[in-house]
Amino acid sequence: MFGLEALDLARIQFAFTISFHILFPAITIGLASYLAVLEGLWLKTRNDTYRDLYHFWSKIFAVNFGMGVVSGLVMAYQFGTNWSRFSDFAGAVTGPLLTYEVLTAFFLEAGFLGVMLFGWNKVGRGLHFFSTVMVAIGTLISTFWILASNSWMQTPQGFEIVNGQVIPTDWLAIIFNPSFPYRLMHMATAAFVATAFFVGSSAAWHLLRGKDNPAIRTMLSMAMWMALIVAPIQAVIGDFHGLNTLKHQPAKIAAIEGHWENHGDEATPLILFGWPDMKEERTKFAVEIPYLGSLILTHSLDKQVPALKEFPPQDRPNSTIVFWSFRVMVGLGFLMIFTGLWSLWLRKRDTLYTSRPFLYLALWMGPSGLIAILAGWFTTEIGRQPWVVYGLMRTADASSNHSFMQMSITLIMFVVVYFALFGAGLGYMMRLVRKGPKISEGAETPDGGPGKQRTPARPLSAADDSTDADHDTPSLTKEI
């Protein structure tokens with residue numbers, strides 16, 4: 001069917017499930033740190049706005065966290081079901097790294113998550129804040145181990161091969177492999193940026209519908225400060241990541257650039273747009289800027305970038321896909337920087353919360369961070385092909401011996417179940433966003449602790465609530 005084989009369906013299935021999964025950890029990482037900041041600000045200032053926002057976003061965090069855990073379990077099982085030969089070859093490295101994640105990050109998150117979500121009126125302020133901070137740290141530790149495992153597959157080191165299996169010889173070299181620091185910073189920063197635009201979009205949605213209060217304004221203000229500061233930092237990290245990739249995976253860079261061959265000693269141009277044709281071995285309709293490719297990728301005006309024709313055809317990534325996925329990521333990154341700068345200009349003019357053109361932009365930028373993350377992962381994973389462990393094991397040699405029919409049936413089942421299950425979860429989460437934070441007007445702030453009065457941060461406490469917004473305004477999912 002469509003010229004696909006069982007291997008292709010296995011790759012599509014893994015790409016489909018990981019694309020669903022990665023959205024949830026990205027928001028979880030950002031929201032956990034956001035909640036820690038909100039609670040810290042409330043403890044310092046006693047401003048009830050921060051407390052109200054904490055209760056509001058903790059519900060959304062809980063739903064997102066649950067969906068992330070469920071979708072992540074499926075990913076682990078697929079290593080054994082669909083990629084058993086990869087597990088046999090590299091399991092001595094990837095297995096312990098994933099185990100370290102469970103023993104450190106997951107246990108830390110699970111140990112303090114209950115106190116964070118349900119202990120607001122049962123424990124003291126200090127312990128509750130400590131629990132929130134521990135959950136936030138746990139999400140970052142989880143990112144550390146997952147990126148260590150994935151980065152090793154991109155730039156493997158610290159091992160030897162015995163009887164056709166990878167045997168670890170230096171765990172520090174395995175964990176801190178050449179691409180790991182750049183990929184860790186790039187992913188963690190992407191999670192913060194994606195969360196900022198998610199929070200900012202929800203604030204813009206409420207402001208456009210006339211719901212203007214201190215909590216909504218604080219949401220937008222904090223989100224835009226994050227975008228203004230972190231989006232440019234992400235661009236700098238991306239540049240360093242690109243230089244690292246050029247050193248260790250030059251074929252990936254050549255595919256990203258759609259660059260097929262060098263001519264004499266000419267500097268490499270930057271192809272802004274075009275259509276890389278893998279069969280004809282050229283980029284059609286190319287729009288080029290002379291010298292800029294060399295300037296960006298080598299930081300010089302005379303050095304050349306490796307070209308795709310310098311690599312055997314069987315070792316070339318699919319340039320057609322990664323060329324455009326990379327440009328989607330970069331294009332959205334520039335749009336994020338622009339949004340942050342525009343917010344600063346409006347803030348100085350005291351019109352940040354009333355400029356409808358800006359609010360509409362902030363609204364539609366809500367999913368931009370998540371889309372950029374997906375585009376970035378497509379670029380890095382498809383760009384690694386045809387290797388599952390770069391330079392050591394080809395993807396074709398890593399899959400289990402399943403038939404085309406078996407892979408077709410399971411892929412269809414995954415699509416149906418995922419859209420039904422996670423579609424409902426996402427719909428519910430957007431319903432919570434649509435309700436907005438509850439404002440405690442003039443309410444006396446209790447001390448907290450056992451037996452004290454306080455609204456518990458119950459994750460599903462808004463499930464049956466009814467507000468005018470539910471009946472009189474369109475849903476946020478329709479807007480986005």
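## A nonpolar patch on helix α13

Leu421 has its place in helix α13, and in this predicted model the residue counts as partly exposed because its relative accessibility is 48%, a value that lies between the 20% and 50% limits for buried and exposed residues. Leu421 belongs to a nonpolar patch on the surface, together with Val70, Ile412, Val416 and Val417. The accessible area of these residues together is about 450 Å², and α13 gives the most to the patch, with 4 residues.

## Aromatic contacts

The structure holds 29 aromatic pairs. One of them is formed by Phe20 and Tyr418, whose rings are arranged edge-to-face, with 5.3 Å from centre to centre and 85° between the planes. This pair links distant parts of the chain, since Phe20 is in helix α1 (residues 6-45) and Tyr418 is in helix α13 (residues 404-435), 398 residues apart. Both Phe20 and Tyr418 are buried, whereas Leu421, also placed in helix α13, is partly exposed at 48% relative accessibility.

Phe20 and Tyr418 also take part in one aromatic cluster, whose other members are Phe16, Phe24, Phe414, Phe419 and Phe422. Elsewhere, rings are met by charged side chains: Arg46 lies over the face of Trp42, at 5.0 Å from the ring centre, and the charged end of Arg327 sits over the ring of Phe323, 3.6 Å from its centre.

## Two antiparallel hairpins

Strand β1 (residues 159-162) and strand β2 (residues 165-168) run antiparallel and are joined by 4 bridges, with Phe159 having Pro168 in β2 as its bridge partner. The two strands form a hairpin with 2 residues between them, and Asn163, which is in the turn, has a positive phi of about 55°.

Strand β3 (residues 270-277) pairs with strand β4 (residues 282-289), again in the antiparallel sense, over 6 bridges, and Pro276 stands opposite Thr283 in β4. In this hairpin there are 4 residues between the strands, and Glu281 in the turn has a positive phi of about 55°.

## Salt bridges

A search of the whole structure finds 10 salt bridges. Among them is the one in which the side chains of Glu280 and Arg282 meet at 2.8 Å, N to O. Glu280 counts as partly exposed because its relative accessibility is 42%, and Arg282 is likewise partly exposed, with a relative accessible area of 42%. These two residues are linked with Asp277 and Lys284 in a network of salt bridges.

The side chains of Lys309 and Glu261 meet in another salt bridge, at 3.6 Å from N to O. This pair links distant parts of the chain, with Lys309 in the loop between α9 (292-298) and α10 (319-348) and Glu261 in the loop between α8 (250-257) and β3, 48 residues apart. Lys309 is partly exposed at 36% relative accessibility, and Glu261 is partly exposed with a relative accessible area of 38%. By contrast, Arg51 and Asp52 are both buried, and their side chains meet in a salt bridge at 3.8 Å, N to O.

## A contact of helix α4

Ile137 has its place in helix α4 (residues 125-154), and counts as partly exposed because its relative accessibility is 35%. Ile137 and Ala105 are 32 residues apart in sequence, while their C-alpha atoms are 7.9 Å apart in space.

Methods
Residues are numbered from 1 along each chain as its sequence is written. This is a predicted model: local features need pLDDT of at least 70, side-chain atom pairs count only at pLDDT 80 or more; totals for chains, interfaces and linings use all residues. Side-chain values use heavy atoms; hydrogens and water are left out. Rings of Phe, Tyr and Trp (its six-membered ring) pair if their centres lie within 6.5 Å; planes under 30 degrees apart count as stacked, over 60 as edge-to-face and the rest as tilted. Buried means under 20% relative accessible area, exposed over 50%, partly exposed in between (1.4 Å probe, protein chains only). A charge sits over a ring if NZ of Lys or CZ of Arg is within 6 Å of the ring centre and within 35 degrees of the ring normal. Patches are made of residues with over 30% relative accessible area and no salt bridge: like charges are joined within 9 Å, nonpolar side chains (Val, Leu, Ile, Met, Phe, Trp, Tyr) within 5 Å. Accessible areas come from the Shrake-Rupley method with a 1.4 Å probe; for residues, only the protein chains shown count as cover. A salt bridge is a side-chain nitrogen of Lys or Arg within 4 Å of a carboxyl oxygen of Asp or Glu. Two strands pair if DSSP finds at least two bridges between them.
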